[in-house]
Structure formats: structure tokens, C-alpha cells
Amino acid sequence: MNTLSIGKQIRKYRKAKGWKQEEFAEKINLSVTYTGMIERGEKVPKLETFITIANVLEVSADLLLADVLTTGYNIKSSEITKEISSLPPRERERIYSVVNTMIKFEK
């Protein structure tokens, strides 16, 4: 299991909330040291702690596990599609053009 990617996802969503690691550790009732170890992928939280983390961050577990689940690419695709759809039409077309070019080169 890629614990580093789980930690990165947790860090990403914590930062999106604008929380410092100390604030987050307090909210999930863990030490700053242990929280840092989770975010660096050095420790894997117990299931109960993982659920607390997801609830406090107000994010679903599948998003935190996107890089380690076999369905992770579907989750990522949905997130990217959502982000692209919020862009102006011209920017969307530029992104689609780049993606289509990359796909052609992969075939």
C-alpha cells in the first residue's frame, strides 16, 4: 500500500481547509508528531482514526484513498472533470486539446 499517497491526500485536504498541522492535530485529537508522520506516509492510521480524519476534513474516504484503490482513476477522472467544467470554454478547449494530443502519442 502506498501510505505516502494517502498522507499527501490528507495534507492536501487539510491545507485546503486552511489549517496548520497543529490545528488539524487538535481537531482529530492526535499529537502533531503523529499527524505529521501520517501526512509523510510514515504511519498508517487505525481505521477509527482514518474515519475521524475523513469526517473532520469533510471528505469521503475514497478521495483520501484515490491513489491506492483500484478504482482510483475513476475518482481522479471525476475530480478532474469537475474542475475542468468550472473553467471558461476557451480554457476547457485548450485542456482537451492537450489531453487528446497526449492520448494520440500513447497509442
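What radius of gyration does the protein chain have, and what would a compact globule of 107 residues have? The protein chain has 17 Å, whereas a compact globule of 107 residues would have a value near 13 Å; the radius is taken over C-alpha atoms, and the globule rule is 2.2 Å times the number of residues to the power 0.38. The model is a predicted one, in which local features need pLDDT of at least 70 and side-chain atom pairs count only at pLDDT 80 or more, while totals for chains, interfaces and linings use all residues. Residues are numbered from 1 along each chain as its sequence is written, and side-chain values use heavy atoms, with hydrogens and water left out.

**Figure 1. Overview of the protein chain, with seven helices and zero strands.** From the N terminus on, the elements run α-α-α-α-α-α-α, where helices (H or I, at least four residues) and strands (E, at least two) are DSSP runs numbered from the N terminus. Taken along the principal axes, the box filled by the C-alpha atoms is roughly 45 × 30 × 20 Å. Of the 107 residues, 29% count as buried; buried means under 20% relative accessible area, exposed means over 50%, and partly exposed lies in between (1.4 Å probe, protein chains only). The chain exposes about 7,600 Å², of which carbon and sulfur atoms supply 54%, with accessible areas coming from the Shrake-Rupley method with a 1.4 Å probe and, for residues, only the protein chains shown counting as cover. Among contacts with a separation of 6 or more, 50% are accounted for by residues 24 or more positions apart, a contact being heavy atoms within 4.5 Å. The mean positions of the 18 positive and 14 negative charges are 4 Å apart; Lys and Arg count as positive and Asp and Glu as negative, His and the chain ends are not counted, and each charge is placed at NZ of Lys, CZ of Arg, CG of Asp or CD of Glu.

**Figure 2. Close-up of the largest nonpolar core, which has 15 residues.** Such a core is a set of buried Ala, Val, Leu, Ile, Met, Phe, Trp, Tyr and Cys residues joined through side-chain atoms within 4.5 Å. Ile10, Tyr13, Phe24, Ile53, Leu57, Val59 and Leu64 touch the most other members. Helices α1 (3-16), α4 (47-57) and α5 (61-64) each supply at least two residues of this core, and the largest share, four residues, comes from α4.

**Figure 3. Close-up of Leu64 in helix α5.** Leu64 is buried, with a relative accessible area of 1%. Leaving aside neighbours within four places in sequence, Leu64 is in contact with Ile6, Gln9, Ile10, Tyr13, Phe50, Ile53, Ala54, Leu57 and Val59. Leu64 and Gly7 are 57 residues apart in sequence, yet their C-alpha atoms are 8.2 Å apart in space.

**Figure 4. Close-up of Ser5 in helix α1.** Ser5 counts as buried at 7% relative accessibility. Once residues up to four places away in sequence are set aside, Ser5 touches Asp67 and Val68.

**Figure 5. Close-up of Thr35 in helix α3 (residues 32-39) and of Val56 in helix α4.** Thr35 is buried, with a relative accessible area of 1%, and, apart from neighbours within four places in sequence, is in contact with Gln21, Phe24, Ala25, Ile28 and Leu30. Val56, not counting residues up to four places away in sequence, touches Lys17, Trp19, Phe24, Lys27 and Ile28. The C-alpha atoms of Val56 and Leu69, 13 residues apart along the chain, are separated by 21 Å.

**Figure 6. Close-up of two loop residues, Asn29 between α2 (21-27) and α3 and Glu58 between α4 and α5.** Most residues other than glycine have a negative phi. Asn29, although not a glycine, has a positive phi of about 60 degrees, and the phi of Glu58, also a residue other than glycine, is positive and near 55 degrees. Asn29 is exposed, with a relative accessible area of 70%, and Glu58 is exposed, with a relative accessible area of 64%.

**Figure 7. Close-up of Glu93 in helix α7 (residues 89-106).** Glu93 counts as exposed at 51% relative accessibility. The C-alpha atoms of Glu93 and Tyr13, 80 residues apart along the chain, are separated by 28 Å.
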